[in-house]
Amino acid sequence: MEADLIGNCLLDLSSKESSVLSKYFSSTERHTSITVLNVSKNNLSGIPGSLLHCFPNLSTLDLRYNRIISLGQELLALKNLKLLYIDNNLLSSISSAMCQLTTLEHLSISHNFLTSIPTTINTMSSLNHLNLSDNSIKMLPESLCKLKKLATLNIYHNQFISVPSLFWSLKSLKELHLEWFVYTFPKLPPTVKSSAIIGSLFKLCRACLLYTS
């Protein structure tokens, strides 16, 4: 095989020649033993649905450092996907299809061009790590606060004009990345791993909600 296989589980197609990629893009062979697929750094503008159908048992998909503009229905072929890395691409939105990935536990979509998050994001019920840093997001939907398993949330370097007042309901959150903390006194670091501090922030959000309701 013109790719790196480790333990018959990992297929590394990162930084490959187009001739190597085309072999897999045009193939109809199903590689059921592959659970990790790396196609990063290939200057891809999209992912052919036929490629993902060849890897029905993927649990990890790495699409970082490409030129992907959109991802849609092709992702639904991945019924067991748990980790999805789409950092450093050209995405301007998260598709409704992506929100149907109910098995997804880790979504990293930093360094793109996102301006908003779909209200259906709460359907990603298994999500425990969400990285939305370095985008152009102005608001987060209240539905994000329904992600009961979310433990890590990175929303650093965006263009927020507000954050959901229901943040306090994220009971599982243990790590929060938010550069607004530089405006507090005394200053707090951008990454907070203290449950006590996060809890205090949530109480403040809840108090504001009660005050304005």
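The legends below describe close-up views of a predicted model.

**View 1. Leu61, Leu84 and Leu132 in the largest nonpolar core.**
The largest nonpolar core holds 55 residues, and Leu61, Leu84 and Leu132 touch the most other members. α1 (18-25) and α2 each supply at least two residues of this core. α1 gives the most, with 3 residues. Leu61 touches Leu37, Leu52, Leu75, Leu78, Leu81, Leu83, Leu84 and Tyr85, leaving out residues up to four places away in sequence.

**View 2. The salt bridge between Asp62 and Arg64.**
A search of the whole structure finds 1 salt bridge. Asp62 and Arg64 form a salt bridge, with their closest N and O atoms 2.6 Å apart. Asp62 counts as buried because its relative accessibility, 7%, is under 20%. Arg64 is partly exposed, with a relative accessible area of 31%.

**View 3. Charges over the rings of Tyr85 and Tyr65.**
Arg64 lies over the face of Tyr85, 5.2 Å from the ring centre. Lys41 places its charged end over the ring of Tyr65, at 5.7 Å from the centre. What does a search of the whole structure find for aromatic pairs? The search returns 0 aromatic pairs.

**View 4. Ser40 in a loop after β3.**
Ser40 sits in the loop between β3 (36-38) and α2 (49-53). Is Ser40 buried or exposed? Ser40 counts as buried, at 6% relative accessibility. Beyond its neighbours within four places in sequence, Ser40 is in contact with Leu13, Ser14, Ser15, Asp62, Leu63, Arg64, Tyr65 and Asn66. Both partners of the salt bridge, Asp62 and Arg64, are thus among the contacts of Ser40. Ser40 and Lys16 are 24 residues apart in sequence, with C-alpha atoms 9.1 Å apart in space.

**View 5. Tyr65 and its positive phi.**
Tyr65 belongs to the loop between β4 (60-62) and β5 (83-85). Its phi is positive, about 55°, although Tyr65 is not a glycine. Most residues other than glycine have a negative phi. Tyr65 counts as partly exposed, at 46% relative accessibility. The ring of Tyr65 has the charged end of Lys41 over it. Tyr65 is also in contact with Ser40.

**View 6. His111 and its positive phi.**
His111 is placed in the loop between β6 (106-108) and β7. What is the phi of His111 near? The value is near 55°, positive in a residue other than glycine. At 38% relative accessibility, His111 counts as partly exposed. Ser133 is in contact with His111.

**View 7. Ser133 in a loop after β7.**
Ser133 lies between β7 (129-131) and β8 (152-154), in the loop. Ser133 is buried because its relative accessible area, 5%, falls under 20%. Leaving aside neighbours within four places in sequence, Ser133 is in contact with Ser110, His111, Asn154, Ile155, Tyr156, His157 and Asn158.

**View 8. Cys9 and Cys145.**
How many disulfides are counted? The count comes to 0 disulfides. Cys9 is partly exposed, with a relative accessible area of 33%. Cys145 is buried, with a relative accessible area of 2%.

Terms used:
Residues numbered from 1 in each chain as written. Predicted model: local features only at pLDDT ≥ 70, side-chain atom pairs only at ≥ 80, totals over all residues. Heavy atoms only, no water. Phe/Tyr/Trp six-rings, centres within 6.5 Å; stacked < 30°, edge-to-face > 60°. Lys NZ or Arg CZ within 6 Å of the ring centre and 35° of its normal. Helix = DSSP H or I, 4+ residues; strand = E, 2+ residues; numbered from the N terminus. Buried < 20%, exposed > 50% of the residue type's maximum accessible area, 1.4 Å probe, protein only. Contact = heavy atoms within 4.5 Å. Core = buried A, V, L, I, M, F, W, Y, C linked by side-chain atoms within 4.5 Å. Disulfide = S-S within 2.5 Å. Salt bridge = Lys/Arg side-chain N within 4 Å of Asp/Glu carboxyl O.
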